[in-house]
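Dear colleague,

Here is the structure we spoke about. My notes on its charged side chains follow below.

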Amino acid sequence: MLLGACAQQPAACVAPLKPALQVDLYFGRGSVSDDDWSAFLANEVTPRFPEGLSVLDVAGQWRDPAGKIARENSKLLILIVFDAPAHAAKVDVVASAYKQKFAQQSVLRVERPVCAGL
């Protein structure tokens with residue numbers, strides 16, 4: 001299951017900041033090794049988001065379809081995109097590729113408007 005939250009852009013950003021969208025993707029690690037994660041990041045994520053990204057190690061939990069609480073180490077991928085409409089398809093491809101490659105049931109997706117600048 002891919003979950004998403006849609007929100008409106010902030011009312012106003014103070015220059016030099018401009019409206020952007022923060023996209024957070026949570027990837028359960030399960031049995032995904034560090035080398036497998038690094039290869040996935042290099043081959044699937046970076047080519048689609050070469051402008052930059054951040055990755056954090058996080059501890060997560062979720063309720064599986066049987067109702068059991070599952071806990072696992074996860075990766076949080078944080079993207080800041082200024083081309084909000086164009087990013088969606090790329091994010092979908094990344095999430096789908098991860099689920100398929102590593103037999104994961106879901107990738108949690110959270111989006112929120114932000115003001116950002118370089």
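**Salt bridges**

Glu 44 is partly exposed, at 24% relative accessibility. Its salt-bridge partner is Arg 48, with 3.1 Å between the closest N and O atoms. Arg 48 is partly exposed as well, with a relative accessible area of 25%. Please keep in mind that this is a predicted model.

The structure holds 6 salt bridges in total; two others are described here.

One of them joins the side chains of Asp 24 and Arg 112, at 2.5 Å from N to O. This pair links distant parts of the chain: Asp 24 sits in strand β2 (residues 18-28) and Arg 112 in strand β5 (residues 107-116), 88 residues apart. Asp 24 has 3% relative accessibility and therefore counts as buried, the cut-off being under 20%. Arg 112, in contrast, is partly exposed, its relative accessible area being 34%.

The other is formed by the side chains of Asp 92 and Arg 109, also with an N to O distance of 2.5 Å. Asp 92 belongs to helix α2 (residues 84-102) and Arg 109 to strand β5, so this salt bridge ties together parts of the chain 17 residues apart in sequence. Here the acidic partner is the partly exposed one, with Asp 92 at 32% relative accessibility, while Arg 109 is buried at 9%. The pair does not stand alone: Asp 92, Arg 109 and Glu 111 are joined into one network by salt bridges that share partners.

Best regards

Conventions:
Residues numbered from 1 in each chain as written. Predicted model: local features only at pLDDT ≥ 70, side-chain atom pairs only at ≥ 80, totals over all residues. Heavy atoms only, no water. Salt bridge = Lys/Arg side-chain N within 4 Å of Asp/Glu carboxyl O. Helix = DSSP H or I, 4+ residues; strand = E, 2+ residues; numbered from the N terminus. Buried < 20%, exposed > 50% of the residue type's maximum accessible area, 1.4 Å probe, protein only.
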